[in-house]
Amino acid sequence: MTHLTPDMANRFATLTLSHLGRRYPYKMDLVLAGPQDAREPADHHPIFHGSFDWHSCVHGWWQVMRLLRLYPNMPQAAAIRAQADAMLVADKVAGELAFLARPTATGFERPYGWAWLLALHGELAGHDAPWAAAVEPLALAFAARFHGFLPKLTYPLRVGTHFNIAFALVLALEWAETRDPALVAMIRDRALHWFGKDRACQAWEPGGDEFLSPALCEALLMSRLLPRADFADWFHAFLPHLAQGEPATLFTPATVSDRSDGKIAHLDGLNLSRAWCWRAIAMALGPDDPVAPLAIDATQRHIAASLPHVAGDYMGEHWLATFALLALE
């Protein structure tokens, strides 16, 4: 099984530091309310104006801060700390909050960016530094948005892209477990309502531009919410033929035909995020479950398919190292 090593960690950090402050190209998530809104990305987002788009910049920060915590003496440690001291400060957070408060920004980055910002704040809290305190108002603002959004989301978002609700709730749940018991209860209630009776998933995936597995993200979320025995019962009803290698789509790494195409390059992320899901699901099932060894094998094959391609083209390298870290840690 491939695991994260100090050398990989430093290579990922070097790659991500190279684009956290890279301003262009940049894809804005912006509704113009008037000509006054036609401004530079850094004017709208004092912190998260690099890495091609807002959410990639957020989870790029999560990635380097997690690597710093795991390897505090890594060669890039000083550079990470210096950049965090310069960027993760109250006045820049105030600028991000100001953008969020705009009437046209109610759906901004929902739910993927919301969840990654909570994950970033949770990671910052593991460091002996003022960074988490500075970012906390932004985290609380996004937590409030989850509180407002989840009760009115009648139907789950099952797509394999940024809108996937199960992926977002895995990250949000981890943040909320020590901070927001009401949000934990809401996540549990909504997830069981949406997914608790799901059976015989066909797993018609991947779509041509997906970086998440709808089936495995749903299973991962349920593994975090149910006791082991209950999860095993649910999981084997949800995907009843896994022990026979079906559906084969879930065991087969995606083919990436053009890594310079930003949407097709999503499929490298799919391979890495599936590896993350498979590994965690195997742990949740336990070693005696007949699916566990198949899940571990699928983890390794998905990592092998896309880990060599984390760098090489900016359409992938502005974000893939985050998903490589998820897969390997």
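Select helix α8, residues 165-176, in this predicted model. Most of α8 is covered, with eleven of its twelve residues buried. To display the buried set, pick I165, A166, F167, A168, L169, V170, L171, A172, L173, W175 and A176. Then show the neighbouring helices: the buried residues of α8 pack against α6, α7 (131-149), α9 (181-195), α10 (214-225), α12 and α15. A distance drawn from the first C-alpha of α8 to its last gives 16 Å, close to the 16 Å expected at 1.5 Å a residue.

Keep α15 on display and move to the internal space of the model. How many cavities of 30 Å³ or more does a search of the whole structure find? The search returns one, and the largest cavity holds about 30 Å³ of space. To see what surrounds this space, select T16, H19, S56, H59, G60, Q63, E317, H318, W319, L320, A321 and T322, which line the largest cavity. Colouring by helix shows that α1 (6-20), α3 (54-70) and α15 (320-328) each contribute at least two residues to this lining. Which helix provides the largest share? That helix is α3, with four residues of the lining. Colouring by residue class instead divides the lining of the largest cavity into three nonpolar, eight polar and one charged residue.

From α3, step back along the chain to the loop between α2 (41-44) and α3, where S51 is placed. F52 lies in the loop between α2 and α3 as well. Inspect the backbone torsions at both positions. Phi of S51 is near 60°, a positive value in a residue other than glycine, and phi of F52 is near 75°, likewise positive in a non-glycine residue. Most residues other than glycine have a negative phi, and most peptide bonds are trans. Are these two side-by-side stops buried or exposed? S51 is buried, with a relative accessible area of 0%, and F52 is buried with a relative accessible area of 16%.

The next two stops concern peptide bonds. Select P111 in the loop between α5 (90-100) and α6 (112-124). The bond from R110 to P111 is cis, with omega near -10°. Then select P247, in the loop between α11 (228-238) and α12 (266-285). Here the bond from E246 to P247 is cis, with omega near 0°.

Finally, display the cysteine sulfur atoms. How many disulfides does a search of the whole structure find? The result is zero. Two cysteines illustrate the reasoning, for which the cut-off is a pair of cysteine sulfur atoms within 2.5 Å. Begin with C217: the closest cysteine sulfur, in C277, is 4.2 Å from its own sulfur, so the pair is too far apart for a bond. C217 counts as buried, at 1% relative accessibility. Now select C201, whose closest cysteine sulfur is that of C217, at 12 Å, and therefore too far for a bond. C201 is partly exposed, with a relative accessible area of 22%.

Technical notes: Residues numbered from 1 in each chain as written. Predicted model: local features only at pLDDT ≥ 70, side-chain atom pairs only at ≥ 80, totals over all residues. Heavy atoms only, no water. Buried < 20%, exposed > 50% of the residue type's maximum accessible area, 1.4 Å probe, protein only. 1 Å grid on protein atoms, 1.4 Å probe; cavity = no way out; pocket = protein on both sides within 12 Å on 5 of 7 lines; lining within 4 Å. Points joined across faces, edges and corners; volume = space filled by probe spheres on them. Nonpolar A, V, L, I, M, F, W, Y, C, P; charged D, E, K, R; others polar. Expected span 1.5 Å × (residues − 1). Contact = heavy atoms within 4.5 Å.
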